[in-house]
Amino acid sequence: GQPLGPRRLSLKPVPKLPDMEAFLQEALAKVKRQARGCLAPELCCQAVRAATERPFAEGVRRERELFRLLLTSGQARALQYAFFAERAVRRWATPGGASWSSAAPQPVRKAAVIGLGTMGRGIVTSLVKANIPVVALEQDLEYLNKGRKAVMFLLEREAMKMEGGAQTLDFHNPARLQFTVDFDLLRDVDLVIEAVFENMALKKEIFHKLSKICKPGALLCTNTSALNIDEIASATNRPQQVIGTHFFSPAHVMRLLEIIYGRHTSPTAIATAMQLAKALEKVGVVVGNCFGFVGNRMMFPYVQQAVFLLEEGSRPEAVDQVLEDFGFKIGPFRMSDLAGLDVGWRSRKEQGLTGPSLPAGTPARQRHGQRYSPLPDLLCEQGRLGQKTGSGWYQYEKAGGRTATPDPWLHSFLSRYRDTHGIKTRFIDQEEILERCLFSLINEGFAILAEGIASGPEHLD
């Protein structure tokens, strides 16, 4: 028999809380750090602030204003595009007429990973998390034990993040995860992912061995970032079963999985690799075979422009800052340090762009009539390979350290380099940095589309 009016929460005055201002400011600073440049989380903070400062009806009105602002923003459109693009890439097609609608995947009940370096460890971790039993293979016991330790460390960390902890992953069970140096244990696997370093001779030797040992239907995948899939497949007696599965580092974190078909790769093999991407909760993108495929092929000119900017007078931290402010998670130089400068160096040596196979008398800053910068090669020769050695484009607190600080040694190294090559230092503004890096990225994307390496712009994006 009491009136409801006074019980209505929305009509009660907003309670005044102590330290509210400090709390709200701290929360906003944290959100800005975690979601750099993203509008929505910041506006959510503003909506919460309105709820603490204004009467209910006004707070709701403010929330609606903020929502309208987001609804019509460029970021909302971009997020919607990204959402639908991720779904569009599931519908793959090849110029040869194979497509998602007609190809059926084979079941993958057991997998193997060859090589337990940085990439192999991440791939093993991904497979274990997806409940696929794994055989992990290394060349000798020393590498095997080192790899086992690293994989176990990664899995412990992943298990801690999961609800239910380590029991759910059950990775101490040899039926789920087995470490070996014996190729014979690969006889009954449905799929092998080779993840040794980028050396064509080594990869061909492994694939020749696999085609002798693995059962006839087994899929042979190579985690290469640039090498020719057809040449690798030529070492086997079943090129239709060979496919590229290019994981991005760190493989258990990054969501992209580039799936590269060769001249002979069967539609079933492509469908199986796509199904694997789905099982690993990754976004599989089917692309054609060319040097660097799509991901790395687009990165080459982007990173190359960044290095040219250093030659002309910029600094790594300035270039990274501009691209990170624009919205990239990580700038090109911090990214190179994280991935390891030796990866690109090894690839350039294989291509004869640097190192012992470079013809005598080649100009330092030209290759095949094109501009070239030897700066990354010079850093590697100094033993500066990035985070793993404690110095690269930046310096780190220790080998394996994560915190990049600008390096005075590098700054004087750059000015000596410019003197040696007679390059006049000039001031380079933010707009030039942004345009030169991004336009080279975009132009390469158009070239890839024109060649039919990717079947649509969503695949590139």
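Here are a few worked exercises on the predicted model above.

Some ground rules before we start. Numbering runs from 1 along each chain as its sequence is written, and side-chain values use heavy atoms, with hydrogens and water left out. Since the model is predicted, local features need pLDDT of at least 70 and side-chain atom pairs count only at pLDDT 80 or more, while totals for chains, interfaces and linings use all residues.

**Exercise 1. Get an overview of the protein.**

Step 1: Take the extent. The C-alpha trace spans about 85 × 65 × 45 Å along its principal axes.

Step 2: List the secondary structure. The protein has 18 helices and ten strands, where helices (H or I, at least four residues) and strands (E, at least two) are DSSP runs numbered from the N terminus.

Step 3: Split it up. The domain assignment, which is automatic or from a database, gives domain 1 (11–72), domain 2 (111–289) and domain 3 (295–354 + 364–459). The C-alpha centres of domain 1 and domain 2 are 46 Å apart.

Step 4: Check burial. Of the 461 residues, 45% count as buried; buried means under 20% relative accessible area, exposed over 50%, and partly exposed in between (1.4 Å probe, protein chains only).

**Exercise 2. Work out how α11 and α13 pack.**

Step 1: Locate them. Helix α11 covers residues 295–312 and helix α13 covers 332–339.

Step 2: Read off the geometry. Their axes are 10 Å apart, at an angle of about 115°. Axes here are lines fitted to C-alpha atoms, for helices over the stretch in contact, and angles run from 0 to 180 degrees between N-to-C directions.

Step 3: Classify. The two helices are therefore roughly perpendicular, going by these bins: under 35 degrees is roughly parallel, over 145 roughly antiparallel, 65 to 115 roughly perpendicular, and the rest oblique.

Step 4: Find the residues in contact (heavy atoms within 4.5 Å). From α11 come M299, Y302, V303, A306, V307 and L310, and from α13 come P332, F333, M335 and S336.

**Exercise 3. Count the disulfides, then look at C38 and C221.**

Step 1: Apply the rule, a pair of cysteine sulfur atoms within 2.5 Å. The count is zero.

Step 2: Take C38. The nearest cysteine sulfur belongs to C44, 11 Å away, and C38 is partly exposed, with a relative accessible area of 34%.

Step 3: Take C221. Here the nearest cysteine sulfur is that of C214, 10 Å away, and C221 is buried at 1%.

**Exercise 4. Follow strand β6 into the loop after it.**

Step 1: Start at H246, which sits in β6 (residues 242–247). With 5% relative accessibility, H246 is buried.

Step 2: Look at the surroundings of H246. Leaving aside neighbours within four places in sequence, its contacts include T222, T224, L257, I260 and N296.

Step 3: Move on to P250, in the loop between β6 and β7 (256–261). The peptide bond from S249 to P250 is cis, with omega near -10°.

**Exercise 5. Where do E281 and H368 lie, and are they buried or exposed?**

Step 1: Know the background. Most residues other than glycine have a negative phi, and most peptide bonds are trans.

Step 2: Place E281. This residue is in the loop between α10 (267–279) and β8 (283–287), has a positive phi near 60°, and is exposed at 69% relative accessibility.

Step 3: Place H368. Its loop runs between β9 (366–367) and β10 (370–371); phi of H368 is positive, near 50°, and H368 is exposed at 72%.
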